[in-house]
Amino acid sequence: MPKHVLRPAKLSYLPLPEYPYSAGTTANGMIYTAGLVAWDETGRLVGKGDVRRQTRQIFANMRAVLAEAGASFDDILKCNVYLSDIRFFPLMNEEFRKAFPKNPPARTTVQAALAEPDMLVEIEAVAFAGKP
């Protein structure tokens with residue numbers, strides 16, 4: 001089955017010329033989100049200086065990408081979380097726990113330089129919505 005690009009209406013501005021990537025792709029039941037950041041429907045960064053708000057916005061964006069493929073957070077197998085400062089881990093982790101109250105996915109969290117200085121967190125996910 002060929003790759004299908006996921007373009008949810010709420011992220012219709014992607015890809016930006018300076019960031020040439022799709023919000024997500026899917027093939028054979030597998031779903032891959034991009035490393036999503038806290039951009040709203042207009043491409044504006046939400047929650048400058050607030051890792052909790054940015055994490056919540058990222059999860060809203062992630063829900064939109066997954067929904068385009070007929071999936072939900074229950075289908076996420078793994079998340080990779082990138083923090084601009086590892087000291088944000090406890091705050092991001094509280095929001096992560098709220099998003100996945102039962103049976104959270106596997107996860108890796110690392111400190112990394114992000115694309116823009118006001119970006120505090122970036123999260124990508126791999127999900128499966130096919131037949132086992």
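**Entry 1: an exposed Asn.** I began with Asn-103, which counts as exposed at 74% relative accessibility. This is a predicted model, so I only looked at local features where pLDDT is at least 70. Asn-103 is found in the loop between H2 and S5. I checked its backbone too: phi is positive, about 50°, although Asn-103 is not a glycine. For context, most residues other than glycine have a negative phi.

**Entry 2: another Asn.** I then looked up Asn-28, in the loop between S2 and S3. Asn-28 is not a glycine either, yet it has a positive phi of about 50°. Is Asn-28 buried or exposed? I found a relative accessible area of 52%, and the cut-off for exposed is over 50%, so Asn-28 counts as exposed.

**Entry 3: helix H1.** I turned to H1, which runs over 51-68. I compared its span with the expected one: at 1.5 Å a residue, the 18 residues should cover 26 Å, and the end C-alpha atoms are 26 Å apart, so the two agree. At the N-terminal end I found Asp-50 as a cap, with a side-chain oxygen 3.1 Å from the backbone nitrogen of Arg-52. Just after the helix, Gly-70 takes a positive phi of about 75°.

Next I asked which residues of H1 are buried. My list reads Val-51, Gln-54, Thr-55, Gln-57, Ile-58, Phe-59, Asn-61, Met-62, Ala-64, Val-65 and Leu-66. I noted that polar names such as Gln-54 and Asn-61 are among them. The buried residues of H1 pack against S1, S2, S3, S4, H2 and S6.

**Entry 4: the nonpolar core.** I looked at the largest nonpolar core, which has 37 residues. Which of them touch the most other members? They are Trp-39, Met-62 and Ile-76. Two or more residues each come from H1, strand S4 (76-83), helix H2 (89-99) and strand S6 (121-128). H1 gives the largest share, 6 residues.

I followed Ile-76 further. Leaving aside neighbours within four places in sequence, Ile-76 is in contact with Met-62, Leu-66, Phe-100, Pro-105, Ala-125, Val-126 and Ala-127. Of these, Met-62 and Leu-66 also appear among the buried residues of H1.

**Entry 5: aromatic pairs.** I counted 6 aromatic pairs. In one of them, Tyr-13 and Trp-39 meet edge-to-face, 6.2 Å centre to centre with 75° between the planes. Tyr-13 lies in the loop between strand S1 (4-6) and strand S2 (24-27), and Trp-39 in the loop between strand S3 (30-33) and H1, so the pair ties together parts 26 residues apart in sequence. Tyr-13 and Trp-39 are both buried.

Phe-59 and Phe-100 are edge-to-face as well, at 5.8 Å centre to centre and 90° between the planes. This pair links distant parts of the chain, 41 residues apart: Phe-59 is in H1, and Phe-100 is in the loop between H2 and strand S5 (106-111). Both Phe-59 and Phe-100 are buried.

**Entry 6: the Phe cluster and its charges.** I wrote down one aromatic cluster, made of Phe-59, Phe-73, Phe-96 and Phe-100. Then I asked which charged ends sit over its rings. Arg-63 has its charged end over the ring of Phe-73, 4.2 Å from the centre. Over the ring of Phe-96 I found the charged end of Arg-107, 4.4 Å from the centre.

Methods. Residues numbered from 1 in each chain as written. Predicted model: local features only at pLDDT ≥ 70, side-chain atom pairs only at ≥ 80, totals over all residues. Heavy atoms only, no water. Core = buried A, V, L, I, M, F, W, Y, C linked by side-chain atoms within 4.5 Å. Buried < 20%, exposed > 50% of the residue type's maximum accessible area, 1.4 Å probe, protein only. Helix = DSSP H or I, 4+ residues; strand = E, 2+ residues; numbered from the N terminus. Contact = heavy atoms within 4.5 Å. Phe/Tyr/Trp six-rings, centres within 6.5 Å; stacked < 30°, edge-to-face > 60°. Lys NZ or Arg CZ within 6 Å of the ring centre and 35° of its normal. Expected span 1.5 Å × (residues − 1). Polar contact = N/O pair within 3.5 Å; in protein donor to acceptor, adjacent residues only side chain to side chain.
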